[in-house]
Amino acid sequence: MTPHPNGHPTAFTFSSLEQQLRDARAVGYEFMTCADYVRRKGRDLPPLGVVLRVDVDVSVKRARRLGEVFAAADVRGTFFIRLHAHEYNPLSFEHYAIIKGLIAAGHELGYHSEIVDQAAIWNEDPATCLRRDLNVLSAAFDTPVRGIASHGGGTGLNNLDFWKTHRPQEFGLLYEAYDHEPTFNLFQEAFYISDSEWTRWKCYDRGRLVEGDRRTLGEHLADRHPLIYLLIHSDTYFDRHFYE
Ligand SMILES: [Zn+2]
């Protein structure tokens, strides 16, 4: 395996991530968006596949940099964008251009949902919020939005709870990122690797936490898991240091 640049391999630099993605490609992994996975599941999944999911929690500018990394490594994924964040406006001059650029580069646009939070804060029906948000996001970027990932924010509510009593198909969606539908069910069927603890990786083997396993994506490649579900956040990565 190629040594990772920028010192320690657990450093969350963009270049370290790029090297790990290149390494994955070099050992034969094929990268898919979440929607690609639904379309290919049960038909023509690659022998080694990575479903690449990006949650854009705070920084769209870092999502642009991630797009550059993905282009260099020749991989595609799904970018989940928030609509109601106070941290960013997806329609600001710069952010709109960045998101349009990601779509033009072949990435999927997904919705990073906060509908349970909205319903509580606005006293509205979450299903109504979801339909409206899907219409707004699809119209704004002139592309169908076919997938949801639920954001974990600061309200203490869980945006995933909505899906205990609803199915993505009710809303014309292909998937929710943690759904149990046979058409997706990815978290339960894949080896899941996530940077959601910001400064270290964690992993789940077909839905079960692997205690104490903090290996990077690059370090997991030796195990040749046939299907990897990779969740990363744009905010986690940096060129020189976290606070740049
Ligand atoms: Zn999030």
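## A walk through a zinc-bound chain

In this predicted model, residues 24 or more positions apart account for 66% of the contacts in the protein chain, counting those with a separation of 6 or more. Keep that figure in mind as we go from the overall fold to single residues.

Let us start with the whole chain. The protein chain has 8 helices and 10 strands. Its C-alpha atoms fill a box of roughly 50 × 40 × 35 Å along the principal axes. For 244 residues, a compact globule would have a radius of gyration near 18 Å, and the 17 Å of the protein chain agrees with this. Buried residues make up 53% of the 244 residues. As for the surface, the protein chain exposes about 11000 Å², and carbon and sulfur atoms supply 52% of that area. The chain carries 27 positive and 34 negative charges, and the mean positions of these two sets are 3 Å apart.

Now to the metal. Which residues coordinate the zinc ion? Asp-57 does so through OD, His-112 through NE2 and His-151 through ND1, at 2.0 to 2.1 Å. Along the chain, the donors follow the spacing D-x54-H-x38-H. Asp-57 lies in the loop between β2 (49-56) and α3 (60-73), while His-112 belongs to strand β4 (residues 108-113), so this pair ties together parts that are 55 residues apart in sequence. Are Asp-57 and His-112 buried or exposed? Both of them are buried.

Another histidine deserves a visit. His-220 sits in helix α8 (residues 217-220). His-220 has a relative accessible area of 0%, so this residue counts as buried. Who surrounds it? Setting aside neighbours within four places in sequence, His-220 is in contact with Phe-191, Ile-193, Cys-203, Asp-213, Arg-215 and His-225.

Finally, have a look at the backbone in two loops. Most residues other than glycine have a negative phi. Asp-74 has a positive value, with phi near 60°, although this residue is not a glycine. You will find Asp-74 in the loop between α3 and β3 (78-81), and at 40% relative accessibility Asp-74 counts as partly exposed. Asn-123, which is not a glycine either, also has a positive phi, of about 55°. Asn-123 is in the loop between α5 (115-122) and α6 (126-141). With a relative accessibility of 71%, Asn-123 counts as exposed.

Note on methods. Residues numbered from 1 in each chain as written. Predicted model: local features only at pLDDT ≥ 70, side-chain atom pairs only at ≥ 80, totals over all residues. Heavy atoms only, no water. Helix = DSSP H or I, 4+ residues; strand = E, 2+ residues; numbered from the N terminus. Rg over C-alpha atoms; globule rule 2.2 N^0.38 Å. Buried < 20%, exposed > 50% of the residue type's maximum accessible area, 1.4 Å probe, protein only. Contact = heavy atoms within 4.5 Å. Areas by Shrake-Rupley, 256 points an atom, 1.4 Å probe, with all protein chains shown as cover. Lys, Arg positive; Asp, Glu negative; His and termini not counted. Charge placed at Lys NZ, Arg CZ, Asp CG, Glu CD. Donors = N, O, S within 2.8 Å, 3.2 Å for Na, K, Ca; no water.
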